[in-house]
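Please open the structure in your viewer and keep the sequence beside it, since this tour moves from one selection to the next and says what can be found at each stop.

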Amino acid sequence: MSKHFNGFDFTRRIDGNINVWSYMPWPDAYLDEEPEVLADYLRSTGGWRAFGWQVIHVAESFQSAHDWAYNRTHKGK
């Protein structure tokens, strides 16, 4: 079973915890840590960067996953 909230997707894991997924740029340490390099990269590729679904948080319940997602989108945490 999957649930959705504000661009996040929640899925139950086999151990009972909840994965919180987000569709975001694939991590690239060099690009993510160097703003000037990222800007140059985006200019040279016309703004293209690989995106995909990634697990960004693991919660103990759907309610705690929802609370975490709410705080990320409404409180900037």
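In which strand does F51 lie? Select F51 and you will find that this residue belongs to strand 4, which covers residues 51–59. Before going further, please keep in mind that what you are looking at is a predicted model.

**First stop: around F51**

With F51 still selected, consider its relative accessibility of 43%, which is why F51 counts as partly exposed, a class that lies between the buried limit of under 20% and the exposed limit of over 50%. Now add Y23 and W53 to the selection, because by the definition of ring pairs these residues and F51 form one aromatic cluster. If you switch to a surface view, the trio Y23, F51 and W53 also appears as a nonpolar patch on the surface, and together these residues have about 350 Å² of accessible area.

**Second stop: a hairpin**

Next, select residues 8–12, which make up strand 2, and residues 18–25, which make up strand 3; the two strands run antiparallel and are joined by five bridges. To look at one particular partnership, pick D9 and then W21 in strand 3, which is the bridge partner of D9. Then move to the five residues between the strands of this hairpin and pick out G16, which takes a positive phi near 95°.

**Third stop: two rings from distant parts of the chain**

A pair of aromatic rings is described by the distance of the centres and the angle of the planes. The structure holds three aromatic pairs, and one of them is formed by F8 and W68, whose rings are edge-to-face, with 5.8 Å from centre to centre and 70° between the planes. This pair links distant parts of the chain, as F8 is in strand 2 while W68 is in helix 3 (residues 62–74), 60 residues apart. Are these two residues buried or exposed? F8 is buried, with a relative accessible area of 9%, and W68 also counts as buried, because its relative accessibility of 19% falls under the 20% limit.

**Last stop: strand 1 and beyond**

Finally, select residues 2–5, which form strand 1, and find H4 among them. H4 has a relative accessibility of 62% and therefore counts as exposed. If you draw a distance from the C-alpha atom of H4 to that of A69, the two are separated by 10.0 Å, although these residues are 65 apart along the chain. To end the tour, show the side chain of K3, whose charged end sits over the ring of F62, 4.6 Å from the centre of that ring.

Terms used:
Residues are numbered from 1 along each chain as its sequence is written. This is a predicted model: local features need pLDDT of at least 70, side-chain atom pairs count only at pLDDT 80 or more; totals for chains, interfaces and linings use all residues. Side-chain values use heavy atoms; hydrogens and water are left out. Two strands pair if DSSP finds at least two bridges between them. Helices (H or I, at least four residues) and strands (E, at least two) are DSSP runs, numbered from the N terminus. Buried means under 20% relative accessible area, exposed over 50%, partly exposed in between (1.4 Å probe, protein chains only). Rings of Phe, Tyr and Trp (its six-membered ring) pair if their centres lie within 6.5 Å; planes under 30 degrees apart count as stacked, over 60 as edge-to-face and the rest as tilted. A charge sits over a ring if NZ of Lys or CZ of Arg is within 6 Å of the ring centre and within 35 degrees of the ring normal. Patches are made of residues with over 30% relative accessible area and no salt bridge: like charges are joined within 9 Å, nonpolar side chains (Val, Leu, Ile, Met, Phe, Trp, Tyr) within 5 Å. Accessible areas come from the Shrake-Rupley method with a 1.4 Å probe; for residues, only the protein chains shown count as cover. A salt bridge is a side-chain nitrogen of Lys or Arg within 4 Å of a carboxyl oxygen of Asp or Glu.
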